[in-house]
Structure formats: C-alpha cells, structure tokens
Amino acid sequence: MSFDPIVQVSVSEQVAQRLLTMIRTGLLKPGQQLPPERELASMLGVGRPAVREAIRGLALLGLLRIRQGEGTFVGSLQTRELLEPLEMVIELNAGTLEALFDARLVIEPGVAAQAATHMSEADLARLHALVDDEQALLGNPERFSALDMAFHETIIDACGNPFLQSIANSLYLLGKKSRGVTSRIDGVLRRSLEDHRGIVAALEARDPARAAQAMRQHLSRVRDAYAASQAAGAEVEADGNAVA
C-alpha cells in the first residue's frame with residue numbers, strides 16, 4: 001500500500017482560490033475594482049508578494065484586468081474573453097481544424113435555426129450591411145475574415161438561447177485562427193459570400209429549417225475546401241520528395 005504525499009498549497013494559490021470563490025459567488029462582480037494591493041494583503045492576512053502573484057495569475061486567465069494607473073478590476077467574465085488564453089495554447093493543425101469544423105457543424109446550424117425566430121430587424125439590417133461590405137473585400141482575406149466573424153457573431157447573439165450562445169461563442173473564438181487559414185484558399189471567400197447571402201435570406205424568411213440547412217451547407221463547403229487544399233499540399237510534397 002502506498003500513500004501520495006500531502007502537497008501544501010502556496011499562499012498565492014490560496015489567495016487566488018479565495019478571489020475565485022468571491023467571483024463565483026458574486027461577492028466580486030464584473031467590472032468591480034479590487035482594493036489596493038496593500039489593503040488586500042492586510043484583509044487576507046498575507047504578504048503583498050502573494051497577492052501580487054495571485055492577481056497576475058488570474059489576470060493571465062482573463063478573470064482580472066490590470067489597468068496601469070487605475071488598479072485591478074474583475075473581468076467581464078464573458079465567454080469570449082475567458083477563452084482568449086485557451087485560444088493561444090490550442091495548436092492549429094489538420095486534426096484540430098477538422099475537429100473544430102465537426103463541432104461547428106453540430107452547433108451552428110441549430111443556432112441559425114433559433115436565430116430565425118428570434119432575430120430582430122436591426123440584426124437583419126446588420127447582416128445585410130456586413131454582406132455588402134464583404135462584397136467589396138473579396139480581394140482582402142484579412143478584412144473579409146473580420147467581417148465573417150462579425151456575421152457569425154451577430155447570428156449567435158440573436159439566437160436567444162444562453163446555453164447555445166455560450167457553446168457557439170467558444171467555437172467562435174477558437175475559429176479565429178482557422179479563418180486565417182481557410183480565407184486564403186482559392187475561391188473560399190467568394191463561396192462564403194454566396195453562402196452568407198443564402199443564410200440571410202433564410203433568416204429573413206423566418207424559416208428555421210432553411211436557416212439550419214444554409215448554415216450547414218456553408219460550413220461543409222468551407223471544410224471541404226480546406227480538406228481539398230490539404231490533400232493537394234500533401235500531393236505536392238510527396239511529388240517533391242520523390243523528385244529529390
């Protein structure tokens with residue numbers, strides 16, 4: 001029989017856990033300013049270095065925001081902001097991109113179906129404006145991608161279901177890197193523009209089934225274009241190795 005050794009938690013970790021508990025229970029609310037470092041250390045009965053380290057760690061996770069000259073504030077706690085650190089550590093490769101497309105194909109058609117019955121006239125007007133702007137940016141993948149993200153974000157925000165919004169927003173943020181890859185594949189931007197028009201038409205018709213199908217078709221076409229580009233790249237590499 002063996003026993004795992006008892007691991008002592010550092011003071012800074014204890015401070016971080018205390019602050020996390022206060023955020024989770026609502027004692028510290030989004031946007032609220034924390035007491036100054038010296039005062040917070042006195043309140044918790046610990047040294048300032050432990051408080052400083054705990055705050056730095058929670059800031060890296062997006063839970064706290066440090067504003068130079070102003071102080072430390074609780075973050076917005078919005079899904080997009082909280083997932084930013086995760087985006088940085090997820091490796092972007094063929095496997096993760098394919099898994100991301102699979103996840104989006106499960107979630108986003110349902111989001112579009114919900115949005116078809118909840119979307120306001122202002123939301124529809126924004127989608128029309130985004131599509132019009134995309135038309136003028138077919139030769140600029142970077143700026144087109146920014147509009148593409150705004151397009152999907154508008155639909156997510158309009159779906160009216162907080163649980164779907166939370167999941168879709170997670171995929172939305174992680175999809176920022178994938179757009180940098182797919183937007184440069186030949187023909188993808190023009191096809192995306194056509195798909196976006198079809199999605200808007202379905203949403204404007206308040207037709208959930210049609211909206212879901214339009215979104216599914218759009219994501220499938222981008223995924224297929226990506227898969228084709230990967231296969232073509234692998235073939236070129238194989239030919240090059242054969243010649244070498």
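The largest pocket in this predicted model holds about 160 Å³ of space. Its lining is made up of Q33, L34, P35, P36, E37, R52, I55, R56, I66, G71 and T72. Two elements, helix α3 (48-60) and strand β2 (71-74), each contribute at least two residues to this lining. The greatest contribution to the lining of the largest pocket comes from α3, with three residues.

The fold in which this pocket is found consists of ten helices and two strands. Along the sequence, the elements of the protein chain are arranged in the pattern α-α-α-β-β-α-α-α-α-α-α-α. The chain has 244 residues, of which 37% are buried. Among contacts with a separation of 6 or more, 72% join residues that are 24 or more positions apart.

The buried interior may be described next. In soluble globular proteins, nonpolar side chains tend to be buried together. In the present model, the largest nonpolar core comprises 44 residues, and the members that touch the most other members are V111, M119, L127, F151, I155, I199 and L203. At least two residues of this core are supplied by each of α5 (94-118), α6 (121-135), α7 (141-158), α8 (162-182), α9 (188-204) and α10 (208-243). Of these helices, α5 gives the most to the core, namely nine residues. A second core, separate from the largest, has 15 residues and includes L34, L40, A54 and I55. Two of these residues, L34 and I55, also appear in the lining of the largest pocket.

The surroundings of one core residue can be given in detail. When neighbours within four places in sequence are left aside, I199 is in contact with F151, I155, A214, M215 and H218. Two of these partners, F151 and I155, are themselves listed with I199 among the core residues that touch the most other members.

Enclosed spaces were also identified. A search of the whole structure yields two cavities of 30 Å³ or more. The volume of the largest cavity is about 150 Å³. This cavity is lined by 16 residues, and those closest to its centre are D148, R179, T182, S192 and V222. Helices α5, α7, α8, α9 and α10 each give two or more residues to the lining of the largest cavity. Helix α7 provides the most, with four residues.

Interactions that involve aromatic rings are few in kind. One aromatic pair is counted in the model. The pair is formed by F101 and Y226, whose ring centres are 6.2 Å apart; the pair is classed as tilted because the ring planes meet at 45°, a value that falls between the limits of 30 degrees for stacked and 60 degrees for edge-to-face pairs. Since F101 belongs to helix α5 and Y226 to helix α10, the pair ties together parts of the chain that are 125 residues apart in sequence. F101 is buried, its relative accessible area being 4%. Y226 likewise counts as buried, at 4% relative accessibility. In addition, R67 lies over the face of F73, at 4.0 Å from the ring centre.

Helices α5 and α10 are also the setting of another long-range approach. D102 lies in helix α5 and is partly exposed, with a relative accessible area of 43%. The C-alpha atoms of D102 and S220 are 9.1 Å apart in space, although 118 residues separate the two in sequence.

Two loop residues complete the description. S120 is located in the loop between α5 and α6 and is partly exposed, with a relative accessible area of 31%. Its C-alpha atom is separated by 9.6 Å from that of E204, a residue 84 positions away along the chain. R206 occupies the loop between α9 and α10. At a relative accessible area of 33%, R206 is also partly exposed. Most residues other than glycine have a negative phi. R206, which is not a glycine, nevertheless has a positive phi of about 55°.

Technical notes. Residues are numbered from 1 along each chain as its sequence is written. This is a predicted model: local features need pLDDT of at least 70, side-chain atom pairs count only at pLDDT 80 or more; totals for chains, interfaces and linings use all residues. Side-chain values use heavy atoms; hydrogens and water are left out. A nonpolar core is a set of buried Ala, Val, Leu, Ile, Met, Phe, Trp, Tyr and Cys residues joined through side-chain atoms within 4.5 Å. Buried means under 20% relative accessible area, exposed over 50%, partly exposed in between (1.4 Å probe, protein chains only). Contact means heavy atoms within 4.5 Å. Rings of Phe, Tyr and Trp (its six-membered ring) pair if their centres lie within 6.5 Å; planes under 30 degrees apart count as stacked, over 60 as edge-to-face and the rest as tilted. A charge sits over a ring if NZ of Lys or CZ of Arg is within 6 Å of the ring centre and within 35 degrees of the ring normal. On a 1 Å grid over the protein atoms alone, a cavity is a set of points where a 1.4 Å probe fits but cannot get out, and a pocket is an open set with protein on both sides within 12 Å along at least five of seven lines; lining residues have an atom within 4 Å of a point. Grid points are joined across faces, edges and corners, and a volume is the space filled by probe spheres set on the points.
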